[in-house]
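This report walks through one protein chain, from its outline to its packing. Take a look at the sequence and the model before reading on.

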Amino acid sequence: FDSCRQELLSRGERFATMSLSSRAQIAEIGHSFIQDDCTVLIHGSSRVVDSLVMKAAESKKFNIIVTEGRPTNEG
């Protein structure tokens, strides 16, 4: 049981590391698609999209329309 538990924990940590790295890579590549003064339509909520939009906001001004704002329903 202990070796199985350790393997699950190890895989979980690798997955978390890979997810963070992938999210950062997508934001780095994807932010160039957002131009100054454009409007971005976002449906739903995801950490990947949030990262991409935050990266673009570092150097550009644009509008965002959110059609659904889970988990806070503020869209």
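## Burial and surface

A residue counts as buried when its relative accessible area is under 20%, and as exposed when that value is over 50%. The model here is predicted. By the burial cut-off, 20% of the chain's 75 residues are buried.

What does the chain show to the outside? About 6,100 Å² is exposed. Carbon and sulfur atoms supply 57% of that area.

## Overall shape

The radius of gyration of the chain is 17 Å. A compact globule of 75 residues would have a value near 11 Å. The C-alpha trace spans about 55 × 30 × 15 Å along its principal axes.

Contacts give another view. Take those with a separation of 6 or more: 62% of them join residues 24 or more positions apart.

## The order of elements

How many helices and strands does the chain have? There are two helices and two strands. Along the sequence they follow the pattern α-β-α-β.

Three of these elements form a unit. Strand β1, helix α2 and strand β2 make a right-handed β-α-β unit. Helix α2 covers residues 47-57.

## The two strands

Strand β1 takes in residues 39-43, and strand β2 takes in residues 63-68. In which sense do they pair? The pairing is parallel, over five bridges. Within it, V40 stands opposite I64 in β2.

V40 also belongs to an alternating pattern along β1. Together with I42, V40 points to one face, and both are buried. T39, L41 and H43 point to the other face and are not buried.

## The two sides of helix α2

Which residues of α2 are buried? They are L52, V53 and A56. Seen down the axis of α2, these residues fall within an arc of 95 degrees, so they line one face of the helix. A general rule helps here. An α-helix has 3.6 residues a turn, so residues three or four places apart point the same way.

The other side of α2 looks outward: R47 and M54 are exposed there.

What do the buried residues of α2 pack against? Their partners are α1, β1 and β2. Helix α1 spans residues 2-30. Two of these partners, β1 and β2, are the strands that join α2 in the β-α-β unit.

Conventions. Residues are numbered from 1 along each chain as its sequence is written. This is a predicted model: local features need pLDDT of at least 70, side-chain atom pairs count only at pLDDT 80 or more; totals for chains, interfaces and linings use all residues. Side-chain values use heavy atoms; hydrogens and water are left out. Two strands pair if DSSP finds at least two bridges between them. Helices (H or I, at least four residues) and strands (E, at least two) are DSSP runs, numbered from the N terminus. A crossover is right-handed if, with the strands pointing away from the viewer, the path from the first strand over the helix to the second runs clockwise. The radius of gyration is taken over C-alpha atoms; the globule rule is 2.2 Å times the number of residues to the power 0.38. Buried means under 20% relative accessible area, exposed over 50%, partly exposed in between (1.4 Å probe, protein chains only). Contact means heavy atoms within 4.5 Å. Accessible areas come from the Shrake-Rupley method with a 1.4 Å probe; for residues, only the protein chains shown count as cover. The arc is that of the directions from the helix axis to the C-beta atoms.
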